[in-house]
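Biologist: I should like to learn how one reads strand pairing, empty space and exposure in a protein model. Please take me through these features in turn.

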Amino acid sequence: MKRRLEASPKLRNIFIILAVGLIIISPQIFQHGNIMLYTDSIFHLSRFYDTYMQIKEHNFQPFIMMYGFNSTGRYINVFYGPILAYFNGLLLFILGSYYKFQLLANFLVVISAGLNCLYMLKVGKVNPQLRLYASILYMTSYAVFSWVLNSEFMGVGAAFIPLVIAVGIRMATQPKQPVKISEMVIAVTILIQIHVLSSVLSIVFLMITFSYSLFQSTTNKKQLIKNTVIAAAITIILTINIWLPYIVLNTQNRLINPFPYADPQSHTLNWSGAAVLLVSLICILGCAVLFVSVKNINNKSTKFLGWLGIVTLVLASGFFPWNLLFKTFKFLYILQFPFRLAPIAFLLLIYVGFMTLQEINLNETGQKFVILGLRVMVCVTILQGVSVFNSMLTKWNKAIVTYQGLMVNKAKDTPFKLQKTFASKDLGQPWQQIAKPVTDYLPATKQMIAWTNPAASSNAKLDNVRKLADIYTKVYLNTKFNKQVKHGHIVVTWHQNQAEPVTLPIAHYKGTRYVLNNQKLTAGQIKTGQAGASVINGQAGDNEVKISYHFGINS
């Protein structure tokens, strides 16, 4: 079978992946102007708007939101991949449209998933033609499509996880040269810069494959340890912009972590519904079945990776008692939902499934049947992905756009108002109408800590989500205040009838600096109020405060 498979040129695979990427985003091309506003869309578009404005006005501030998130001066991009945020801000600056930006971002994510999967399978020595079908299968899985359909950043991370899985495959299957320093550095650094949580899960995977490789008698152990240590050291240096601010800012401030999901068990791999892209899921399960069913073909390392993929899939599914585990080990709430494990499981199962298929001895008729079956498979998975995407895009044509998740919409009852703001050449217009009232990484108060208690019951957590959203809206979206960004400062103005403390719609961190009515305020003159906002003493009449931020180890 190998001779037939080698007939497919490797370069042609790349062009086909690009073509499939265009087919996947074609519904958005033909539904011109329609965007996906779903779950995390507002969160990410708002933070990209912030870097867009920084680039536009040459006012660079990587730590706090100067323009995005209603100019609240809060930490967001510093914890969510700052380099990628600036890259997306640059795209938005060049394209000048949320529609064009989302169209290009979707295309880049899906083709990155396909091309990176091609590389992973090349490292795993899967034949070129099978690589193509396997990569398209991964491109059309919900792990990647979660970005296209829901703007979940897990989908962006999933597009680059194949690079790290490739490192693990090399460790497990190539004992004479288990680690290429450049490959490991590039793969892990890219993933850390893009999506920290995906990188954490992937590093755990690498630790497992490292341990497996270390205990194999044929492994060059000295090279394995030496190259891994060197690669890790270089990666630590190249990702200093991620881990150093995280450590320093969390040391200087007590921050609210992303809210723990009310029911982890309900946020596992979904086995029903069109949005889960069931066809691709069934095909990936088919890879697992093929791997388990065919005996005495795969070598020891392939079997190890296959069973690791199956275990990971079980962990990502609803068959594992996650609620009990989350309650027992509170640190797991950083995972938020177990489905985040799915990309690793999908990639491992795709790899071992196609490796198994490659090693089966088939006659000419059998080979033709397999190739035909694979072509039908990828065509159906592409068709389902396009169909679901097209269906969800049509919601943008409704007079009132429904939105899943927390959103403040000041004109929610005005027909087509939301569509008009996103179509405007003024990219700031949507943020005058909508906001996402989430408390991630705001300064913690006793009240907020109590409301984000992981030990609370599911019903209490859902109620607390609403309380947090309400208090955020009350404090940070207070229309009493006017905000502008001038000369590198957030300038807040307001009028009050008498001299008294006032809660500003600005987050209060240790590094935040205040100039009230041309007078610098000392740390003792500012307090932390509701929702972590800044409380200062305003004078009777008109007031102006200029907000800036200083990052320092001892700030």
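**Strands, spaces and surface**

Modeller: Let us begin with one pair of residues: N482 has T493, in β4, as its bridge partner. This is a predicted model, in which local features need pLDDT of at least 70 and side-chain atom pairs count only at pLDDT 80 or more, whereas totals for chains, interfaces and linings use all residues. Residues are numbered from 1 along each chain as its sequence is written, and side-chain values use heavy atoms, without hydrogens and water.

Biologist: How many bridges join β3 and β4, and in which sense do they pair?

Modeller: Strands are DSSP runs of E with at least two residues, and helices are runs of H or I with at least four, both numbered from the N terminus. Two strands pair if DSSP finds at least two bridges between them. Here β3 and β4 are joined by five bridges in the antiparallel sense.

Biologist: What is the order of the strands in the sheet that contains β3?

Modeller: The order is β3-β4-β10-β6-β7, an open sheet of five strands with antiparallel pairing. β3 (482–486) and β7 (519–520) are at the edges with a single partner strand each, so one side of each has no neighbour in the sheet. Further in, β4 (residues 489–496) and β10 (residues 541–549) are linked by seven bridges, and V491 stands opposite K546 in β10. On β6 (residues 512–516), five antiparallel bridges connect to β10; T512, for instance, has Y549 in β10 as its bridge partner.

Biologist: Which strands make up the open sheet of three strands?

Modeller: They are β5, β9 and β8, in the order β5-β9-β8, with antiparallel pairing. The edges are β5 (500–507) and β8 (527–528); each has a single partner strand, so one side of each is without a neighbour in the sheet. β8 runs antiparallel to β9 (residues 533–538), with two bridges between them, and K527 is paired with V535 in β9.

Biologist: How does one read empty space, and how much of it lies in the second largest pocket?

Modeller: Rolling a probe the size of a water molecule over the atoms shows where empty space is left. On a 1 Å grid over the protein atoms alone, a cavity is a set of points where a 1.4 Å probe fits but cannot get out; a pocket is an open set with protein on both sides within 12 Å along at least five of seven lines; lining residues have an atom within 4 Å of a point. The second largest pocket holds about 570 Å³ of space. It has 21 lining residues, and those closest to its centre are N70, S71, W431, Q432 and K483. Two or more lining residues come from each of α3 (41–57), α4 (68–71), α20 (430–433) and β3. The edge strand discussed above, β3, gives the most, with four residues.

Biologist: How many cavities of 30 Å³ or more does the structure hold?

Modeller: There are four of them. The largest cavity has about 90 Å³ of space, and its lining includes I35, Y38, W396 and T402.

Biologist: Finally, is V200 buried or exposed, or in between?

Modeller: Buried means under 20% relative accessible area, exposed over 50%, and partly exposed in between (1.4 Å probe, protein chains only). V200, in helix α11 (residues 196–214), is partly exposed because its relative accessibility is 42%. I236, in helix α12 (residues 221–238), is partly exposed at 46%.

Key. Points joined across faces, edges and corners; volume = space filled by probe spheres on them.
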